[in-house]
Amino acid sequence: RGSRTTEQLVSQSSFAYLYSELVQYHQSRVSSISDLERRLESSGYGVGLKVLELLAYRAKESKRETRLMNILQFVSSNVWKALFGKAADSLERSIDHADEFMIVDYEPLTSTYVSVPADLGQLSVDSYVSGMIAGVLEGAGFPARVTAHSVRLEEGEGNAVSSSSSSSQHHQALYHGGTFSALPPRTSKAVFLVKFAPHVLQRDAGLDR
């Protein structure tokens, strides 16, 4: 979790190092970018299950969420705050596909501090987060396919990023090749595409009758 306190800044640096090592570990064991993304998703999936369990324990509630929009709001707010210290920047529903939703994060932790080599330019290191989202949803009874996408910022969107991070910009550094260097300005955001299994939508529609 990001913060301005000394202890949490050290933790953030540790995450950058450990996550970079995790990516390199899986990279050395796969032959394609898609295989690497699947491995990152798999690594995050178990974390998502544990996060759901932890949040349920803290809330001391036995009631399970049954509505689709409510579980998505829980993920983009409660889960995001527990993992990253802030809510996701937006939750949107696809105009073209009723079974698809998008969780948007302008500064995802997993890609903020990790440099992707040129030969892996299409790799989404945020796949780890998509795995966590899938784990939370599966554990809550809302199975879905979740994928991470890097989307170029549109004009004006960058202002939201710069204003939210300008006060802490001098604290941020990029981990690459065993060293930390100053972060370049972000030119993209992370969009986590959530596509629910058909029976989830059918169940949710049935609750409206």
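Which residues does serine 76 touch, not counting residues up to four places away in sequence? In this predicted model, serine 76 touches Ala87, Ala88, Leu91 and Ile103, where a contact means heavy atoms within 4.5 Å. Residues are numbered from 1 along each chain as its sequence is written, and side-chain values use heavy atoms, with hydrogens and water left out. Because the model is predicted, local features need pLDDT of at least 70 and side-chain atom pairs count only at pLDDT 80 or more, whereas totals for chains, interfaces and linings use all residues.

Serine 76 has its place in helix H3, which covers residues 68–84; helices (H or I, at least four residues) and strands (E, at least two) are DSSP runs, numbered from the N terminus. Serine 76 is buried, with a relative accessible area of 9%, given that buried means under 20% relative accessible area, exposed over 50%, and partly exposed in between (1.4 Å probe, protein chains only). The side chain of serine 76 also reaches the backbone oxygen of glutamine 73 at 3.4 Å.

Helix H3 lies across strands S1, S2 and S6, and runs at about 15° to S2; for such angles, axes are lines fitted to C-alpha atoms, for helices over the stretch in contact, and the values run from 0 to 180 degrees between N-to-C directions. Strand S2 is mostly covered, since five of its six residues are buried.

The strands under consideration belong to an open sheet of four strands in the order S1-S2-S6-S3, with antiparallel pairing, where two strands pair if DSSP finds at least two bridges between them. Strand S1 (90–93) and strand S3 (144–152) stand at the edges, each with a single partner strand, so one side of each is left without a neighbour in the sheet. From one strand to the next, the twist averages 25°.

Within this sheet, S1 and S2 run antiparallel and are joined by four bridges, and the two form a hairpin with six residues between them. Serine 90 has valine 104 in S2 as its bridge partner, while valine 104 also stands opposite valine 191 in S6. Strand S2 (residues 100–105) and strand S6 (residues 188–196) likewise run antiparallel, with six bridges joining them, and methionine 102 stands opposite leucine 193 in S6.

For the protein chain as a whole, the secondary structure comes to seven helices and six strands, which follow the pattern α-α-α-β-β-α-α-β-α-β-β-β-α when read along the sequence. Of its 209 residues, 39% count as buried. Among the contacts with a separation of 6 or more, 72% are accounted for by residues 24 or more positions apart. The chain exposes about 11800 Å², of which carbon and sulfur atoms supply 51%; these accessible areas come from the Shrake-Rupley method with a 1.4 Å probe.

The mean pLDDT of the protein chain is 82, and 79% of its residues reach 70 or more, pLDDT being the predictor's confidence in each residue, from 0 to 100. Over residues 2–10 the pLDDT is below 50, and this stretch has eight contacts in the model beyond near neighbours in sequence. Over residues 166–171 the pLDDT is also below 50, and that stretch has two contacts in the model beyond near neighbours in sequence.

Technical notes. Polar contact = N/O pair within 3.5 Å; in protein donor to acceptor, adjacent residues only side chain to side chain.
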